[in-house]
Amino acid sequence: MPFTMKMPFQNLRTIWVMVGCVLLGPAITSCEDPIDVDLDEGTVQLAVDAFLTDESGEKRIVLTETTPYFDNTTQRFADGATVRITDDLGKVYDFQAAPEGQGNYIWEPDTADTNFGEVGRTYTLSVTHNGNTFEASSTVNPVPTLDSVTVEFREEEFGEEEGYYATFFAFDLPNREDYYWIRTYRNGVFFDDPTAINVSVDGAFGSNGADGFLFIIPIREFLINDDSDPYKLGDEVRVELWAITEPTWSFLGELASQLTNNGLFATPAANIRTNIVNADPNSDVKAVGWFSVSAVSSGTAIAGQ
Amino acid sequence: MIRYILILGLILGLFFPSIALSQEKSTISGYIKDGETGEELIGATVFVKELGTGTVTNVYGFFSLTLPNGSYNLKFSYVGFQDVEKQIDLTENTKFDIELPTNSKVLEEVVITGEQADANVKNVEMSVNKMEISTIKKIPALMGEVDVIRSVQLLPGVSTVGEGASGFNVRGGGVDQNLILLDEAPVYNSSHLFGFFSVFNPDAVKNVKLIKGGIPAQYGGRLSSILDVRMKEGNQKKFAGSGGLGLIFSRLTLEGPIKKDKASFVIAGRRSYADVLARPFLNDDLSDSKFFFYDLTAKVNYKLNDKNRFFLSGYLGKDVFGTGDFQFDWGNQTASARWNHIFNDKVFMNMTAIYSKYDYEFGVGDNQDGFNWQSNVINYSLKPEFTYYINPKNTLTFGAQTILFDFKPGNASFNSGGDANDISLEDQKAAESAIFVANEQKIGPRIALQYGLRYSIYQYLGEGNAYTLNDTTPGVERTVVSSQRYDQWETVEQYANFEPRLAIKYELTETSSIKASYNRMAQYLHLLSNTAASTPIDVWSPSTNNVKPQIADQYALGYFRNFKESTFETSVEVYYKDFQNQVEYINNADLILNEFYETQLLFGDGRAYGAEFYIKKAKGDFTGWISYTLARTERQVDGINRSEWFPTRFDRTHNLSVVASYQVNPRWSFSANFVYSTGTPGTFPTNRFNIQGWVAPHNSEERRNNYRIPDFHRLDVSATLSPKEKENRKWFGEWVFSVYNAYNRRNAFSVYFQENPDIPQNTEAIRLAIVGNFVPSVAYNFKF
């Protein structure tokens, strides 16, 4: 449950800003500033970015290689790899290098073949690159219906600018432990604030018996809005509810922690888990990244309508 | 167990005096007090001129000295007070109290320790630092707020993970390895406002003693240090008050006799008023924010007769933060009741009953949509302790302690759309008991020994579930294989440890000595904290069937030498510490409200070693000390850092403190302190990769604490203006002007890594500075 920690810690952080910047006087202008750090580069590794859904259309996987942490210019694409997905019925999906290259690999469904991402199926990804073969698998879990998305206008209040705020309504699937990733889009642009990576267990933060509940307010509301830049009249708000597996939930939780691991109460930096495993158990060559296949439900609303 | 100790005490009390009489010896005993306030003096000396021997008062100001019958000249002394000499013809057991007149004001102000000047060379104890509150009050302080813990951090062997962090680290030990005692009651969180201020009101504190090594047998339960904070008893002679107005707190302390020479009290309160001051500057939507902390300390003592005296002390403190529908508060409550009983002139008993509680509460939202969480740790304890002053060469201490712990790791619930859900964890219970015996023995004029044994026994008790966990690859989350239910008070797991303690002193010359010590400590409680600084919501947790007690062995060796009639005290100490069963955490561990938190823990070994250099000038207009520590503290945990040794989060190679104070004239005094320490280690990423639009950090070599943040250094200065000397002055007010972080350095607390908020594809290292500029302040203190 890395996420149960987030709420108290974010509030601790708010308090800390009050302490540092209000209490200790207006003379304190900044408590945090960028510095130069000389870091050694580690071993270059294959990085897999493969989050696929059951929605129709092409499936895309991006393969890159890790770069030095502070190198903002170098990009290393893993071109020339063999990428294939096999499901537990033996069906094979061969991915081809995309025309634009840059590590993109796509699979286009033909007309008779649109059921990728079937609930209950297990998919296994295989990537062969530079002589190493890596594998990962993911099972598709059921997703509840996203009942509605509503948007309401609010005056400015504590911590929130004036504007339109969205809420979605969905009930957790009863009698099972479910893991979700909620992705929000404003006018088609993914809301990628790392402090708002919105994952859930049974519609709540932890696996603590919220089974069958309405998704709790931090998830159905707080984490799909940007308090400093709320939706504007006419904005299209799209909320997608992705059913994920427990390991994928852990991966996203760890990613969120590592992207926002700051302040007085930071935890020791830790590597984010990966499910990309070298097929040769004796090999020292490792990869990073994640493979996941989700069933998705979604809803859309327009601010002011 | 306690019963046996009491019986043992009775036996000793009944039979030993007759032995003493048969040897035609008699005992002198009594209390040494401050002549002005009637406060008992801790560590005052009694010196027998004819025999060249003597003793010191215990923590209650009591002394006992058994000598062959005869005629003696006794000298009673305590630095900062005038000596008192007394001639006695000893033919039978004699009892009297001595009041030492205060020296002139100026001399009183320059006292740094309150013992005989050469105590550091002569006493068998080593690795001990004592601080009088008058010393602590001279150190320049953040916002002018005199602070016990921050002063302790300037001593050799003591460090902190960073400015504003709660607690302190002693000789490579974690913050949870210090036993912090306020009138013998353990304090579980010593901080207000995270770590900026400590919970002790300096106006109510009498003295502070930090024991880092050679820990005597009567103390146990923590690995690394004992911080023994003793409160004042309250003025026995007249009603008096003191207080202050600072930028953070206002303070008021009242004390006085309830019944002259029979009973007295002290009550001290503080409250922060930053919230009151800040309110006009906050926007309307912040005006309902709550932001304050307070503490109240009170103590009464009652002397029933010459043989029985009672003390009752209490502490209550709280920090409260909130805005609108969010509230977060935490605090300690302690109470201790003590009974000093003198069985006869040679056997002194103290019986202490203790209650201590630390709790916090966190709430947000309402009954429709909200979250609420409470947690606490409570302990109840009884500690009888006997001191038997056998003869001037042997002082025997023995006793017992039993503690019952009640842990409430989390009472929590949340509401969603009006549906409520209780996600509370079950309470945990444990009992820790110990018996101990120790003797302090003088062999000839040069050698003194202190040897003892503590036997501690611990039970993890029902009612509750105990889990069996699988074995897995080190560093990977374990899983629960099976669980077993235990009844109320049923023992789930039991641990016991022998903890030998030894210290030896050899005097090389009148002004120099060497000392050595060994101690083994066992610790049955663990503060589960995986964050850079310990937070108020960290949970104290018992040893269980899966979590074994922590053990530490420490060896220390020291050379002590004084110069110019003890004007300069110097020491060099080296230590080596070996730790077992140190708690670490798997990557991305989840410790909050997790019933199966044991699956998130890893266990390993630790080692710490270092050298401490200390020079102190205790006399004159110019006083102060320089302390330098060269140290290393490391851990080895399977599953972290490729299972190789790595430096701990609080490892600082160099740690220098310079504290100086100069009394220019009776009205003005100036103080400064400078600290320098090596930056703490941090785990920095080596590489990055893109995933779903985010730039994720990655450490391909899987190293822990592979870099260090920039070094820390800071200068603080202060000036104190006292009022003019005047006969019969009733109101004594002083102004303290100070500047903290005088040269405006932005010291890093930590360095973290993030995507640039404006250009997420660019990554950057961010320095977090807790105090980012210089902080001037003024405070007004008064006494009447």
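**Chains A and B: confidence and contact**

Let's begin with a stretch to treat with care: over residues 105–114 of chain B, pLDDT stays under 50, and the model has 34 contacts for them beyond four places in sequence. Keep in mind that this is a predicted model, so a few words on confidence come before the interface.

Residues 105–114 are to be seen against chain B as a whole, which averages a pLDDT of 88, with 93% of its residues scoring at least 70. Another stretch of chain B, residues 5–22, has a pLDDT below 50 as well; the model gives that stretch 22 contacts beyond near neighbours in sequence. For the complex, the predictor reports an ipTM of 0.91 together with a pTM of 0.88.

Now to the place where the chains meet. Here 74 residues of chain A are in contact with 75 residues of chain B. On the chain A side, at least two residues each are supplied by helix 1 (6–23), helix 3 (246–259), strand 1 (32–35), strand 2 (46–53), strand 4 (67–68) and strand 17 (287–294). Helix 1 of chain A provides the largest share, 10 residues. Sorted by character, the chain A residues that touch chain B comprise 44 nonpolar, 22 polar and 8 charged.

Finally, follow strand 1 of chain A across to its partner. That strand runs antiparallel to strand 50 of chain B (residues 763–768), and 4 bridges join the two. If you would like one pair to look up in the viewer, try A:D33, whose bridge partner in strand 50 of chain B is B:R767.

Conventions. Residues are numbered from 1 along each chain as its sequence is written. Chains are lettered from A and ligands numbered from 1 in the order in which they are written. This is a predicted model: local features need pLDDT of at least 70, side-chain atom pairs count only at pLDDT 80 or more; totals for chains, interfaces and linings use all residues. pLDDT is the predictor's confidence in each residue, from 0 to 100. Two residues are in contact if their C-beta atoms, placed from the backbone, lie within 7 Å. Ala, Val, Leu, Ile, Met, Phe, Trp, Tyr, Cys and Pro count as nonpolar, Asp, Glu, Lys and Arg as charged, and the others, Gly among them, as polar. Two strands pair if DSSP finds at least two bridges between them.
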